[in-house]
Amino acid sequence: MSSLQFDIAHLLAGSLVLASFMMLYQVRLYALLNVYALHAGVLALSVAWQAYVQQAPHLYLTALIALVFKAIIIPVALHRIIKRLGIHREIENVIGIGLTMMAGIGLVALSMVVMLRVTPGADALAREDLAFALSVVLLGLLVMVTRRNAVSQVVGFMSLENGLVLAATGAKGMPLVVEISVAFSVLIAFIVIGIFLFRIRERFDSVDVQALDRFRGERR
């Protein structure tokens, strides 16, 4: 592999981490969905580049699935769900943006240290892609735990799954059937989550998980 190919792979994986930080910074739902679409688009580019570098044509299908489903269909569907449910567009955070960003930086540093130490014998590109992928996974978890809105937590879950796809493609060995099954599993999960959001909105007139906790306390 040439140094240029290596650098481009690093640039794309690093851009995915940067997009994860952009998601952490957002305070409006529409902006969060737009950044998620960017996140998925960068993932598609990264997977396509891995397909070229590894000479693995089946990864182009993975990139196409990421582009069509994750970067286009799911964000558009979530936009429509938000509009139809009349969900409050501001995102309420459990902690402040500053503390969230600092926690994110700490998680990225932890990912780099852990992955580079536990994979000393692996290929250099695979090691660093796995470190970036773990960073994306942990940042996705951080999005989920620092947001009170159920829609933003769904977006955090899907960004986490993007990190898993990056890890699988960087590790050179995910069969095509696994990639397709993962894509359809995410699509099915998205449909179920959409139905779940509609039911929450109908029952509680809110998708704020804090409001649901208060209701649960009242029932007790």
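# Notebook: an eight-helix chain

**Record first.** I started with UniProt, where an unreviewed entry lists residues 6–25, 32–52, 58–82, 94–118, 130–147, 154–171 and 177–198 under "transmembrane region". What I have open is a predicted model, so I set the record's spans against its coordinates.

I looked up two of the listed spans. Residues 6–25 come out as 100% helix and 0% strand, and their end C-alpha atoms lie 29 Å apart. For residues 94–118 the span is 88% helix and 0% strand, with 33 Å between the end C-alpha atoms.

**Overall layout.** I counted elements next and got 8 helices and 0 strands. Reading from the N terminus, the order is α-α-α-α-α-α-α-α. Of the chain's 220 residues, 47% count as buried. I also checked how far along the sequence the contacts reach: of those with a separation of 6 or more, 77% are between residues 24 or more positions apart.

**α5 against α6.** For packed helices I note the angle between the axes and the distance between them. Helix α5 (residues 124–145) and helix α6 (residues 150–170) have axes 7 Å apart and pack at an angle of about 170°. An angle over 145 degrees counts as roughly antiparallel, so that is how α5 and α6 run relative to each other.

I then listed who meets whom. On the α5 side I find, among them, Ala126, Asp129, Phe132, Ala133, Val136, Val137 and Gly140, and they meet α6 residues including Ser152, Gln153, Gly156, Phe157, Gly163 and Ala167. The residues of this contact divide into 14 nonpolar, 7 polar and 1 charged.

**Gly156, on the α6 side.** I picked glycine 156 for a closer look; it lies in helix α6. Buried or exposed? Glycine 156 is buried, because its relative accessible area is 0% and the cut-off for buried is under 20%. Leaving out residues up to four places away in sequence, it touches Gly140, Val143 and Met144. I also took one distance: glycine 156 and valine 137 are 19 residues apart in sequence and 9.2 Å apart in space, C-alpha to C-alpha.

**α1 against α5.** The other face-off I looked up is helix α1 (residues 3–25) with α5, where the angle is about 10° and the axes are 9 Å apart. Anything under 35 degrees counts as roughly parallel, so α1 and α5 get that label.

In α1 the residues include Phe6, Ala9, His10, Ala13, Gly14, Val17 and Leu24, and they meet α5 residues including Leu125, Glu128, Asp129, Phe132, Val136 and Leu142. I get a split of 14 nonpolar, 4 polar and 2 charged for the contact of α1 with α5. Asp129, Phe132 and Val136 of α5 turn up in the contact with α6 and also in the contact with α1.

**Thr100.** Threonine 100 has its place in helix α4 (residues 97–118). Its relative accessible area is 0%, so threonine 100 is buried. Which residues does threonine 100 touch, not counting residues up to four places away in sequence? I find Leu24, Ile95, Leu142, Thr146 and Arg147. Leu24 and Leu142 were already in my notes from the contact between α1 and α5.

**Gln50 and Gln55.** Glutamine 50 is found in helix α2 and counts as buried at 3% relative accessibility. Not counting residues up to four places away in sequence, glutamine 50 touches Ala9, Gln55, Leu59, Leu125, Asp129, Thr169 and Gly170.

I followed the link to Gln55. Glutamine 55 lies in the loop between α2 and α3 (58–85), and at 71% relative accessibility it counts as exposed. I checked its backbone too: most residues other than glycine have a negative phi. Glutamine 55 has a positive phi of about 55° although it is not a glycine.

**Aromatics.** Last lookup: how many aromatic pairs are there by this rule? I count 1 aromatic pair. Tryptophan 49 and tyrosine 52 form it, at 5.2 Å centre to centre with 40° between the planes, which makes the pair tilted. The two sit 3 residues apart in helix α2 (residues 29–54), so about one helical turn separates them. Tyrosine 52 is partly exposed, with a relative accessible area of 45%.

Terms used: Residues numbered from 1 in each chain as written. Predicted model: local features only at pLDDT ≥ 70, side-chain atom pairs only at ≥ 80, totals over all residues. Heavy atoms only, no water. Phe/Tyr/Trp six-rings, centres within 6.5 Å; stacked < 30°, edge-to-face > 60°. Helix = DSSP H or I, 4+ residues; strand = E, 2+ residues; numbered from the N terminus. Buried < 20%, exposed > 50% of the residue type's maximum accessible area, 1.4 Å probe, protein only. UniProt positions renumbered as here; feature names shortened; annotations may be inferred. Axes fitted to C-alpha atoms, helices over the stretch in contact; angles between N-to-C directions. Parallel < 35°, antiparallel > 145°, perpendicular 65-115°, else oblique. Contact = heavy atoms within 4.5 Å. Nonpolar A, V, L, I, M, F, W, Y, C, P; charged D, E, K, R; others polar.
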